[in-house]
Amino acid sequence: RWERMGIAPSSAADDWTFLRRVYLDLIGTLPKPEEVTDYVNSRSPRKKEELVDSLLRRPEFIYYWTQWWGDMLRIERNTMREAGVRAFTQYIRTSLLNNKPLDQMAREMLTATGRTFTDGPANYFRPTARIEDAVVQFSRVFMGVRMDCAQCHNHPYESWTQDDFYNLAMFFRQTRLRAGPDRDEVTVENLPQPEPLNIPRRAVRTPATPILPGTREQSRSNKNLREVLADWLTSPENEYFARAFANRLWARMMGRGGFEPLD
């Protein structure tokens with residue numbers, strides 16, 4: 001593609017530049033003088049790979065990338081309170097420490113239940129007081145798609161319609177956020193049956209059986225609707241999830257995504 005567009009790639013970075021960039025990108029800090037000397041003087045043919053592997057094993061990598069996840073998931077005290085922030089942050093930190101796959105993390109957050117002060121992934125739903133909020137957050141974080149405007153109208157230049165938006169909302173109809181014993185805490189729970197969902201400005205309700213996003217396939221599983229959505233999202237055939245995170249990670253390492261804005 002670069003050849004077709006007449007774009008020449010940059011030349012390889014020298015040792016000094018590569019060292020500085022990889023430290024900042026992976027652990028968010030500059031190398032110490034002795035680390036610079038050791039790397040530049042190394043004659044190992046695999047010294048770049050060895051350096052990257054060593055940085056991935058450092059605790060700073062876990063803390064630095066936990067912060068990246070926190071920004072993406074909107075972890076903050078006003079919404080989640082101090083205890084919720086601690087629980088959610090610890091969940092992400094432990095997941096990264098154990099090298100948990102991205103699709104597994106996405107599934108655990110999407111299907112989470114429990115109390116937000118003790119069950120970390122349940123805090124994913126804390127900023128989503130309304131079903132519409134859950135759709136907007138899900139599509140932006142996990143699909144790399146903005147569906148905000150489709151709440152109210154069909155946009156002439158977008159492929160996602162209001163019908164698509166509220167069809168996706170149906171997958172969250174069994175989810176309820178209930179106030180816990182502490183008024184600042186929330187319990188995320190599954191309802192036995194989906195609640196009715198009215199589409200604004202329309203005198204109709206959504207059908208009983210939701211359609212998986214981007215398809216014409218109806219969900220006929222007996223699972224909870226969020227589990228059905230998680231199955232679809234993390235399927236190897238689903239391009240949205242893979243593209244969204246490839247683009248996010250590329251932007252994190254290169255400064256700009258292949259597609260901007262990232263969501």
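The exercises below deal with aromatic rings in a predicted model. Local features need pLDDT of at least 70, side-chain atom pairs count only at pLDDT 80 or more, and totals for chains, interfaces and linings use all residues. Residues are numbered from 1 along each chain as its sequence is written, and side-chain values use heavy atoms, with hydrogens and water left out.

**Exercise 1.** Classify the ring pair Phe88 and Tyr91, and place it in the chain.

Solution. Rings of Phe, Tyr and Trp (its six-membered ring) pair if their centres lie within 6.5 Å; planes under 30 degrees apart count as stacked, over 60 as edge-to-face and the rest as tilted. A search of the whole structure gives 16 aromatic pairs. For Phe88 and Tyr91 the centres are 6.4 Å apart and the planes at 25°, so this pair is stacked. Both residues belong to helix H6 (residues 77-97), and being 3 residues apart they are separated by about one helical turn. Helices here are DSSP runs of H or I with at least four residues, numbered from the N terminus. Phe88 and Tyr91 are each buried (under 20% relative accessible area, 1.4 Å probe, protein chains only).

**Exercise 2.** Do the same for Phe142 and Phe241.

Solution. The centres are 6.4 Å apart with 40° between the planes, and the pair is tilted. Phe142 is in helix H8 (residues 131-143) and Phe241 in helix H11 (residues 239-254), 99 residues apart. Both Phe142 and Phe241 are buried. Ring pairs also link them into a cluster whose members include Trp65, Trp68 and Phe245.

**Exercise 3.** Which charge lies over the face of Trp65?

Solution. The test asks for NZ of Lys or CZ of Arg within 6 Å of the ring centre and within 35 degrees of the ring normal. Arg252 lies over the Trp65 face, 5.4 Å from the ring centre.

How values were computed
Helix = DSSP H or I, 4+ residues; strand = E, 2+ residues; numbered from the N terminus. Buried < 20%, exposed > 50% of the residue type's maximum accessible area, 1.4 Å probe, protein only.
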